[in-house]
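Dear colleague,

Here is the structure I promised to pass on to you. Please open it beside this message, and read the notes below with the model in view.

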Amino acid sequence: MDDPIGVKKRVVVVGGGIAGSLIAKTLLNDADVFLIDLKEYFEISWASLRSMVEPSFAQRSVINHLEYIPSAHIIASAATDITENEVLTAQGRLIAYDYLVIATGHGDAGPCSKDEKLSCYQAEHDKIRSANSILIVGGGPTGVELAAEIVVDFPGKKVTLVHRGSRLLEFIGEKAGKMAHDWLISKKVEVILGQSVDLNSWSDDVYKTSGGETIKADCHFICTGKPIGSSWLKETVLKDSLDSRGRLMVDANLRVKGHKNVFGIGDITDIPELKQGYLAQKHALVAAKNLNMLMKGSEENALVNYKPASPMAIVSLGRRDAVAQIRCLPIVGRIPGLIKSGDLFVGKTRKQLGLKS
(Lines give C-alpha, C1' and ligand atoms only; values in the text may rest on other atoms or scores of the structure.)
Protein backbone atom coordinates (compact mmCIF):
# COMPACT_ATOMS: atom_id res chain seq x y z
CA MET A 1 0.00 0.00 0.00
CA ASP A 2 1.11 3.57 -0.64
CA ASP A 3 2.08 5.56 2.43
CA PRO A 4 1.22 9.26 2.05
CA ILE A 5 2.77 11.52 4.67
CA GLY A 6 0.78 11.47 7.90
CA VAL A 7 -1.25 8.37 6.97
CA LYS A 8 -0.93 5.47 9.38
CA LYS A 9 0.13 2.05 8.17
CA ARG A 10 -2.67 -0.48 8.04
CA VAL A 11 -2.34 -3.53 10.28
CA VAL A 12 -4.83 -6.32 9.75
CA VAL A 13 -5.21 -8.77 12.65
CA VAL A 14 -6.93 -12.08 11.92
CA GLY A 15 -8.28 -13.62 15.11
CA GLY A 16 -9.71 -11.81 18.13
CA GLY A 17 -8.69 -14.15 20.93
CA ILE A 18 -6.14 -13.65 23.69
CA ALA A 19 -3.26 -12.66 21.41
CA GLY A 20 -5.20 -10.91 18.66
CA SER A 21 -7.21 -8.70 20.99
CA LEU A 22 -4.13 -7.51 22.88
CA ILE A 23 -2.06 -6.68 19.79
CA ALA A 24 -5.01 -4.81 18.27
CA LYS A 25 -5.36 -2.78 21.48
CA THR A 26 -1.61 -2.13 21.76
CA LEU A 27 -1.33 -0.86 18.16
CA LEU A 28 -4.53 1.17 18.15
CA ASN A 29 -2.88 4.60 18.51
CA ASP A 30 -0.05 3.91 16.07
CA ALA A 31 -1.73 2.11 13.18
CA ASP A 32 -4.95 1.84 11.23
CA VAL A 33 -6.14 -1.40 12.83
CA PHE A 34 -8.53 -3.87 11.23
CA LEU A 35 -9.63 -6.87 13.32
CA ILE A 36 -11.15 -9.81 11.45
CA ASP A 37 -12.85 -12.22 13.82
CA LEU A 38 -15.72 -14.70 13.61
CA LYS A 39 -17.20 -13.14 16.73
CA GLU A 40 -18.18 -9.62 17.73
CA TYR A 41 -16.50 -10.11 21.10
CA PHE A 42 -13.33 -11.21 22.83
CA GLU A 43 -13.55 -13.82 25.56
CA ILE A 44 -11.08 -14.45 28.36
CA SER A 45 -11.04 -18.12 27.51
CA TRP A 46 -9.67 -19.52 30.78
CA ALA A 47 -12.69 -18.02 32.59
CA SER A 48 -15.21 -19.94 30.50
CA LEU A 49 -15.56 -22.87 32.89
CA ARG A 50 -16.32 -20.58 35.84
CA SER A 51 -19.01 -18.98 33.68
CA MET A 52 -20.68 -22.37 33.28
CA VAL A 53 -21.28 -22.65 37.03
CA GLU A 54 -21.69 -18.88 37.57
CA PRO A 55 -23.17 -17.28 34.42
CA SER A 56 -22.85 -13.73 35.79
CA PHE A 57 -19.05 -14.17 35.73
CA ALA A 58 -19.20 -13.97 31.94
CA GLN A 59 -20.42 -10.36 32.13
CA ARG A 60 -16.77 -9.44 32.80
CA SER A 61 -15.01 -12.10 30.74
CA VAL A 62 -16.96 -11.67 27.50
CA ILE A 63 -16.17 -8.25 26.03
CA ASN A 64 -17.38 -6.70 22.80
CA HIS A 65 -14.43 -5.77 20.61
CA LEU A 66 -15.67 -2.19 20.31
CA GLU A 67 -15.48 -1.79 24.09
CA TYR A 68 -11.68 -1.91 24.12
CA ILE A 69 -10.78 -0.88 20.54
CA PRO A 70 -13.54 1.63 19.71
CA SER A 71 -11.67 3.24 16.81
CA ALA A 72 -10.63 -0.01 15.12
CA HIS A 73 -12.41 -1.52 12.12
CA ILE A 74 -14.16 -4.69 13.31
CA ILE A 75 -15.11 -7.22 10.65
CA ALA A 76 -17.21 -10.06 12.09
CA SER A 77 -16.37 -12.72 9.55
CA ALA A 78 -14.01 -15.57 8.87
CA ALA A 79 -10.91 -14.92 6.80
CA THR A 80 -10.77 -17.31 3.84
CA ASP A 81 -7.70 -16.33 1.80
CA ILE A 82 -4.52 -14.27 1.95
CA THR A 83 -2.47 -12.80 -0.88
CA GLU A 84 0.75 -10.81 -0.67
CA ASN A 85 -1.20 -7.66 0.21
CA GLU A 86 -4.85 -8.51 0.89
CA VAL A 87 -7.08 -10.66 3.08
CA LEU A 88 -10.33 -12.07 1.70
CA THR A 89 -13.23 -12.59 4.13
CA ALA A 90 -16.13 -15.03 3.92
CA GLN A 91 -18.35 -12.01 3.25
CA GLY A 92 -16.40 -11.35 0.06
CA ARG A 93 -14.54 -8.30 1.32
CA LEU A 94 -10.93 -7.71 0.30
CA ILE A 95 -8.95 -5.95 3.03
CA ALA A 96 -5.57 -4.55 1.98
CA TYR A 97 -2.75 -4.54 4.51
CA ASP A 98 0.70 -3.13 5.08
CA TYR A 99 1.26 -5.61 7.90
CA LEU A 100 -0.66 -8.74 8.76
CA VAL A 101 -0.96 -10.61 12.07
CA ILE A 102 -2.27 -14.18 12.19
CA ALA A 103 -3.69 -15.01 15.63
CA THR A 104 -6.39 -17.60 14.96
CA GLY A 105 -5.35 -19.90 17.83
CA HIS A 106 -7.48 -23.02 18.12
CA GLY A 107 -10.65 -23.53 16.11
CA ASP A 108 -13.73 -22.52 18.11
CA ALA A 109 -16.63 -20.97 16.21
CA GLY A 110 -19.12 -20.22 18.99
CA PRO A 111 -21.97 -17.70 18.93
CA CYS A 112 -21.40 -14.45 17.04
CA SER A 113 -22.77 -11.94 19.55
CA LYS A 114 -22.07 -11.34 23.24
CA ASP A 115 -25.75 -11.73 24.14
CA GLU A 116 -25.84 -15.13 22.43
CA LYS A 117 -22.72 -16.22 24.30
CA LEU A 118 -24.14 -15.14 27.65
CA SER A 119 -27.33 -17.08 26.86
CA CYS A 120 -25.20 -20.17 26.17
CA TYR A 121 -23.57 -19.91 29.59
CA GLN A 122 -26.98 -19.60 31.23
CA ALA A 123 -28.14 -22.72 29.38
CA GLU A 124 -25.01 -24.66 30.42
CA HIS A 125 -25.54 -23.58 34.02
CA ASP A 126 -29.16 -24.71 33.93
CA LYS A 127 -28.07 -28.08 32.53
CA ILE A 128 -25.55 -28.56 35.34
CA ARG A 129 -27.93 -27.37 38.05
CA SER A 130 -30.75 -29.68 36.96
CA ALA A 131 -28.56 -32.77 36.60
CA ASN A 132 -27.86 -35.23 39.39
CA SER A 133 -25.03 -36.94 37.50
CA ILE A 134 -22.61 -35.46 34.98
CA LEU A 135 -20.11 -37.08 32.60
CA ILE A 136 -16.99 -35.17 31.52
CA VAL A 137 -15.06 -36.54 28.55
CA GLY A 138 -11.41 -35.47 28.52
CA GLY A 139 -8.79 -35.20 31.26
CA GLY A 140 -6.74 -32.27 30.03
CA PRO A 141 -6.90 -28.85 31.72
CA THR A 142 -10.43 -28.15 30.48
CA GLY A 143 -11.90 -31.39 31.75
CA VAL A 144 -10.09 -31.21 35.09
CA GLU A 145 -11.06 -27.57 35.68
CA LEU A 146 -14.71 -28.17 34.75
CA ALA A 147 -14.95 -31.18 37.06
CA ALA A 148 -13.46 -29.09 39.86
CA GLU A 149 -15.77 -26.14 39.24
CA ILE A 150 -18.82 -28.41 39.37
CA VAL A 151 -17.90 -30.35 42.52
CA VAL A 152 -16.98 -27.17 44.38
CA ASP A 153 -20.14 -25.23 43.47
CA PHE A 154 -22.47 -28.28 43.38
CA PRO A 155 -20.97 -30.76 45.86
CA GLY A 156 -24.03 -33.01 45.70
CA LYS A 157 -23.54 -33.86 42.00
CA LYS A 158 -22.11 -37.19 40.90
CA VAL A 159 -19.29 -36.33 38.48
CA THR A 160 -17.48 -38.90 36.34
CA LEU A 161 -14.44 -37.97 34.27
CA VAL A 162 -13.25 -40.29 31.50
CA HIS A 163 -9.88 -39.78 29.85
CA ARG A 164 -8.32 -41.90 27.10
CA GLY A 165 -4.78 -41.22 28.38
CA SER A 166 -2.96 -43.04 31.16
CA ARG A 167 -2.98 -39.97 33.42
CA LEU A 168 -4.56 -36.55 33.78
CA LEU A 169 -2.96 -33.31 32.56
CA GLU A 170 -0.48 -35.00 30.24
CA PHE A 171 0.88 -31.63 29.09
CA ILE A 172 2.65 -31.15 32.44
CA GLY A 173 4.67 -33.40 34.75
CA GLU A 174 3.41 -36.71 36.08
CA LYS A 175 3.54 -35.57 39.71
CA ALA A 176 1.36 -32.54 39.03
CA GLY A 177 -1.12 -34.71 37.14
CA LYS A 178 -1.24 -37.13 40.08
CA MET A 179 -1.90 -34.22 42.46
CA ALA A 180 -4.88 -33.12 40.37
CA HIS A 181 -6.11 -36.73 40.21
CA ASP A 182 -5.91 -37.13 43.99
CA TRP A 183 -7.65 -33.79 44.55
CA LEU A 184 -10.57 -34.85 42.33
CA ILE A 185 -10.82 -38.22 44.06
CA SER A 186 -10.92 -36.43 47.43
CA LYS A 187 -13.99 -34.53 46.16
CA LYS A 188 -15.64 -37.83 45.16
CA VAL A 189 -15.13 -37.43 41.41
CA GLU A 190 -14.91 -40.82 39.70
CA VAL A 191 -11.91 -40.79 37.35
CA ILE A 192 -11.66 -43.46 34.63
CA LEU A 193 -8.36 -43.54 32.74
CA GLY A 194 -7.27 -45.35 29.59
CA GLN A 195 -10.75 -45.40 28.06
CA SER A 196 -12.85 -43.33 25.68
CA VAL A 197 -16.61 -42.81 25.50
CA ASP A 198 -18.76 -43.70 22.50
CA LEU A 199 -20.89 -40.59 22.19
CA ASN A 200 -22.66 -41.88 19.08
CA SER A 201 -24.47 -44.72 20.79
CA TRP A 202 -25.58 -43.36 24.15
CA SER A 203 -29.26 -43.66 25.00
CA ASP A 204 -31.46 -43.22 28.05
CA ASP A 205 -28.61 -41.37 29.77
CA VAL A 206 -26.38 -44.46 29.60
CA TYR A 207 -22.93 -44.20 28.03
CA LYS A 208 -20.52 -46.99 27.11
CA THR A 209 -16.76 -46.78 27.37
CA SER A 210 -14.19 -48.46 25.14
CA GLY A 211 -13.41 -50.78 28.05
CA GLY A 212 -16.98 -52.09 28.20
CA GLU A 213 -18.05 -50.08 31.25
CA THR A 214 -21.42 -48.34 31.40
CA ILE A 215 -21.87 -44.90 32.92
CA LYS A 216 -25.21 -43.36 33.81
CA ALA A 217 -25.28 -39.57 33.57
CA ASP A 218 -28.00 -36.99 33.06
CA CYS A 219 -25.76 -34.92 30.77
CA HIS A 220 -22.25 -34.80 29.39
CA PHE A 221 -19.62 -32.25 28.42
CA ILE A 222 -16.90 -32.86 25.83
CA CYS A 223 -13.60 -31.38 26.98
CA THR A 224 -11.18 -32.76 24.42
CA GLY A 225 -8.64 -30.65 22.55
CA LYS A 226 -9.65 -28.29 19.76
CA PRO A 227 -7.81 -28.27 16.43
CA ILE A 228 -5.36 -25.51 15.59
CA GLY A 229 -7.08 -22.74 13.64
CA SER A 230 -4.81 -23.00 10.63
CA SER A 231 -6.62 -25.22 8.12
CA TRP A 232 -7.81 -22.16 6.20
CA LEU A 233 -4.18 -21.14 5.57
CA LYS A 234 -3.40 -24.25 3.51
CA GLU A 235 -4.64 -22.65 0.28
CA THR A 236 -3.19 -19.19 0.93
CA VAL A 237 0.13 -17.50 0.27
CA LEU A 238 1.20 -18.78 3.71
CA LYS A 239 0.72 -22.47 2.87
CA ASP A 240 4.46 -23.14 2.74
CA SER A 241 4.92 -21.57 6.18
CA LEU A 242 2.98 -24.32 7.98
CA ASP A 243 4.84 -27.18 9.61
CA SER A 244 3.76 -30.84 9.51
CA ARG A 245 1.41 -30.30 12.47
CA GLY A 246 -0.28 -27.29 10.91
CA ARG A 247 1.51 -24.75 13.09
CA LEU A 248 2.68 -21.46 11.62
CA MET A 249 6.47 -21.30 11.52
CA VAL A 250 7.80 -18.01 12.91
CA ASP A 251 11.28 -16.57 13.41
CA ALA A 252 12.74 -15.06 16.57
CA ASN A 253 10.96 -11.75 15.84
CA LEU A 254 7.61 -13.61 15.48
CA ARG A 255 7.48 -12.95 11.74
CA VAL A 256 6.14 -15.78 9.62
CA LYS A 257 9.06 -17.45 7.90
CA GLY A 258 9.38 -16.20 4.33
CA HIS A 259 7.24 -13.10 4.89
CA LYS A 260 8.75 -9.87 6.21
CA ASN A 261 5.41 -8.12 6.88
CA VAL A 262 3.41 -11.02 8.34
CA PHE A 263 3.50 -11.97 12.03
CA GLY A 264 2.20 -15.07 13.78
CA ILE A 265 1.29 -15.05 17.48
CA GLY A 266 -0.44 -17.26 20.03
CA ASP A 267 -1.26 -20.96 19.93
CA ILE A 268 -1.05 -21.19 16.14
CA THR A 269 2.74 -20.77 16.15
CA ASP A 270 5.44 -23.45 16.20
CA ILE A 271 7.23 -21.88 19.20
CA PRO A 272 8.49 -24.77 21.41
CA GLU A 273 6.65 -23.97 24.64
CA LEU A 274 3.38 -24.80 26.38
CA LYS A 275 0.35 -23.23 24.74
CA GLN A 276 -0.80 -20.89 27.51
CA GLY A 277 -2.85 -17.70 27.48
CA TYR A 278 -0.25 -15.60 29.30
CA LEU A 279 2.35 -16.63 26.72
CA ALA A 280 0.03 -15.62 23.87
CA GLN A 281 -0.15 -12.20 25.56
CA LYS A 282 3.66 -12.04 25.62
CA HIS A 283 3.73 -12.87 21.91
CA ALA A 284 1.32 -10.01 21.26
CA LEU A 285 3.44 -7.47 23.13
CA VAL A 286 6.69 -8.51 21.41
CA ALA A 287 5.08 -8.50 17.97
CA ALA A 288 3.46 -5.09 18.66
CA LYS A 289 6.84 -3.65 19.64
CA ASN A 290 8.42 -4.99 16.45
CA LEU A 291 5.56 -3.72 14.31
CA ASN A 292 5.88 -0.27 15.84
CA MET A 293 9.61 -0.21 15.06
CA LEU A 294 9.05 -1.35 11.47
CA MET A 295 6.33 1.25 10.94
CA LYS A 296 8.72 3.93 12.20
CA GLY A 297 11.46 2.79 9.82
CA SER A 298 13.77 1.05 12.28
CA GLU A 299 16.43 -1.30 10.98
CA GLU A 300 15.60 -4.98 11.12
CA ASN A 301 18.55 -5.72 13.39
CA ALA A 302 16.85 -3.56 16.04
CA LEU A 303 13.84 -5.88 16.29
CA VAL A 304 13.17 -7.64 19.60
CA ASN A 305 13.60 -11.41 19.85
CA TYR A 306 11.02 -13.56 21.62
CA LYS A 307 12.50 -16.09 24.00
CA PRO A 308 10.45 -19.28 24.53
CA ALA A 309 9.28 -19.54 28.13
CA SER A 310 10.26 -22.10 30.73
CA PRO A 311 7.50 -24.60 31.52
CA MET A 312 4.91 -23.17 33.92
CA ALA A 313 1.23 -23.98 34.22
CA ILE A 314 -1.54 -23.43 36.75
CA VAL A 315 -4.74 -25.46 36.57
CA SER A 316 -7.57 -24.17 38.74
CA LEU A 317 -9.35 -26.55 41.08
CA GLY A 318 -12.48 -24.62 41.91
CA ARG A 319 -12.49 -21.20 43.57
CA ARG A 320 -9.69 -21.68 46.10
CA ASP A 321 -7.30 -24.43 45.04
CA ALA A 322 -5.09 -25.13 42.05
CA VAL A 323 -2.32 -27.40 40.89
CA ALA A 324 0.78 -25.74 39.46
CA GLN A 325 3.99 -26.76 37.85
CA ILE A 326 6.75 -24.17 37.86
CA ARG A 327 9.72 -25.57 35.99
CA CYS A 328 10.00 -29.04 37.56
CA LEU A 329 8.29 -28.19 40.86
CA PRO A 330 4.67 -29.35 41.29
CA ILE A 331 2.46 -27.88 44.00
CA VAL A 332 -1.22 -28.22 44.84
CA GLY A 333 -3.67 -26.48 47.13
CA ARG A 334 -4.37 -22.99 48.38
CA ILE A 335 -1.00 -21.40 47.52
CA PRO A 336 -1.26 -21.81 43.72
CA GLY A 337 -4.96 -21.16 44.10
CA LEU A 338 -4.23 -17.70 45.46
CA ILE A 339 -2.44 -16.90 42.21
CA LYS A 340 -5.22 -17.84 39.80
CA SER A 341 -8.38 -19.46 41.07
CA GLY A 342 -10.22 -16.54 42.66
CA ASP A 343 -10.62 -14.04 39.82
CA LEU A 344 -8.90 -16.17 37.13
CA PHE A 345 -6.85 -13.14 36.01
CA VAL A 346 -10.01 -11.54 34.61
CA GLY A 347 -9.41 -8.17 36.30
CA LYS A 348 -5.78 -8.14 35.17
CA THR A 349 -6.71 -9.00 31.58
CA ARG A 350 -9.40 -6.33 31.46
CA LYS A 351 -6.90 -3.74 32.69
CA GLN A 352 -4.51 -4.74 29.90
CA LEU A 353 -7.27 -3.82 27.48
CA GLY A 354 -7.83 -0.47 29.14
CA LEU A 355 -11.05 -1.50 30.89
CA LYS A 356 -12.12 -1.39 34.53
CA SER A 357 -11.23 -4.61 36.34
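Two strands are said to pair if DSSP finds at least two bridges between them, and strands (E, at least two residues) and helices (H or I, at least four) are DSSP runs that are numbered from the N terminus. This is a predicted model, in which local features need pLDDT of at least 70 and side-chain atom pairs count only at pLDDT 80 or more, whereas totals for chains, interfaces and linings use all residues. Residues are numbered from 1 along each chain as its sequence is written, and side-chain values use heavy atoms, with hydrogens and water left out.

I begin with the sheet. Three strands form an open sheet in the order β13-β14-β15, and their pairing is antiparallel. Because β13 (197-203) and β15 (214-216) stand at the edges with a single partner strand each, one side of each is left without a neighbour in the sheet.

Strand β14 (residues 206-209) pairs with β13 over three bridges, and three bridges also join β14 to β15. On the β13 side, Val 197 has Thr 209 as its bridge partner in β14, while Asp 198 stands opposite Lys 208; towards β15, Val 206 stands opposite Lys 216.

In a regular strand the side chains alternate between the two faces of the sheet. This can be followed along β14, where Tyr 207 and Thr 209 point to one face and are buried, but Val 206 and Lys 208 point to the other and are not; buried means under 20% relative accessible area, exposed over 50%, and partly exposed in between (1.4 Å probe, protein chains only).

The two hairpins are also worth a look. Two residues lie between β13 and β14, and in that hairpin Asp 204 takes a positive phi near 50°, whereas the hairpin of β14 and β15 has four residues between the strands, with Gly 212 at a positive phi near 90°.

Two helices complete these notes. Helix α8 (residues 277-295) has 19 residues, of which 14 are buried, and just after α8 Gly 297 takes a positive phi of about 85°.

In helix α5 (residues 114-130), the buried residues are Lys 114, Lys 117, Leu 118, Tyr 121, His 125 and Ile 128. These buried residues cover an arc of only 100° around the axis, so they lie on the same side of α5, the arc being that of the directions from the helix axis to the C-beta atoms. The face of α5 turned away from this buried side carries the exposed residues Asp 115 and Ser 130.

With best wishes

Key
The expected span of a helix is 1.5 Å times one less than its number of residues.
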